[in-house]
Amino acid sequence: MLREATTDDVHLMLSWRNQETNRHVSKTSHEITTEEHARWWSAVREDPSRRVLVYVRDDRPCGVVTFFDLRLDGPRTGAWGFYLDAEGLAGRDETLPAWLGVMREAVEYAFDGLHLDRLDGEVLGHNTVVRQMNRRFRFVEGTPKQELTDGREITVIPISLAREDRRQR
């Protein structure tokens, strides 16, 4: 289940985001400070082109889904990303089911909740497991580009999924 993030979720979101597993596959790879996170949270709460949702599995919050750059007039498009409580899920041997669940729920929310025509995102080139999962959900990869972020050179691959191409349950 996805639900709107609240101020009560801020500490959990930061702790998950700063897990090494998540930082390794994110454009921003440094440990995010409490102040940075507070600025981000303040900005996203007031921005109508963004949504921050918490993924709940078995009544336990265990991930964050962000939608951003939402254009809800004309061609309805938006971008997304997510991260999970990698450490907690691994400790309970629930990583794969949670990963499948959050992707399924996020795609459903994008097309059935936000009524998007196209959902965009990015994946780092070295994140082969996510790239495979994206293909399973029928995302199409675009042309990779090199970026310098946090003092490291990374390959960023754009992805997109059109409403008519999405996998049906």
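Q: In this structure, is the crossing of α1 and α3 right-handed or left-handed?
A: Let's start with the two helices themselves, bearing in mind that this is a predicted model. Helix α1 covers residues 10-17 and helix α3 residues 34-45, and their axes come within 11 Å. The crossing of this pair is right-handed.

Q: Are α1 and α3 roughly parallel, roughly perpendicular or oblique to each other?
A: The axes of α1 and α3 cross at roughly 120°. Roughly perpendicular would need 65 to 115 degrees, and roughly antiparallel over 145. The arrangement of α1 and α3 is therefore oblique.

Q: Which residues of α3 are met by V10, M13 and L14 of α1?
A: On the α1 side, the contact is made by V10, M13 and L14. By class, the contact of α1 with α3 has five nonpolar, two polar and no charged residues. The partners in α3 are T34, H37, W40 and W41.

Q: Is the aromatic pair of F67 and Y109 stacked, edge-to-face or tilted?
A: Happily, there are a few ring pairs to look at: a search of the whole structure finds four aromatic pairs. For F67 and Y109, the ring centres are 5.3 Å apart and the planes stand at 35°. Stacked would need under 30 degrees and edge-to-face over 60, so the pair of F67 and Y109 is tilted.

Q: How many residues apart are F67 and Y109?
A: F67 sits in strand β3 (residues 60-71), while Y109 belongs to helix α5 (residues 95-113). F67 is buried at 0% relative accessibility, whereas Y109 is partly exposed at 23%. The pair links distant parts of the chain, and the separation is 42 residues.

Q: Which residues form one aromatic cluster?
A: A good place to begin is the stacked pair of W80 and F139, with 5.9 Å from centre to centre and 20° between the planes. W80 lies in strand β4 and F139 in the loop between α6 and β6, so this pair ties together parts 59 residues apart in sequence. W80 is buried at 6% relative accessible area, and F139 is buried at 5%. The cluster consists of W80, F82 and F139.

Q: What is the phi of D69, which is not a glycine?
A: Most residues other than glycine have a negative phi. D69, in strand β3, is exposed with a relative accessible area of 53%. Its phi is positive, at about 55°.

Q: Is D58 buried or exposed?
A: D58 has a positive phi near 55° and is placed in the loop between β2 and β3. Its relative accessibility is 62%, and the cut-off is over 50%, so D58 counts as exposed.

Terms used:
Residues numbered from 1 in each chain as written. Predicted model: local features only at pLDDT ≥ 70, side-chain atom pairs only at ≥ 80, totals over all residues. Heavy atoms only, no water. Axes fitted to C-alpha atoms, helices over the stretch in contact; angles between N-to-C directions. Helix = DSSP H or I, 4+ residues; strand = E, 2+ residues; numbered from the N terminus. Parallel < 35°, antiparallel > 145°, perpendicular 65-115°, else oblique. Left-handed = near helix turned anticlockwise from the far one by under 90°. Contact = heavy atoms within 4.5 Å. Nonpolar A, V, L, I, M, F, W, Y, C, P; charged D, E, K, R; others polar. Phe/Tyr/Trp six-rings, centres within 6.5 Å; stacked < 30°, edge-to-face > 60°. Buried < 20%, exposed > 50% of the residue type's maximum accessible area, 1.4 Å probe, protein only.
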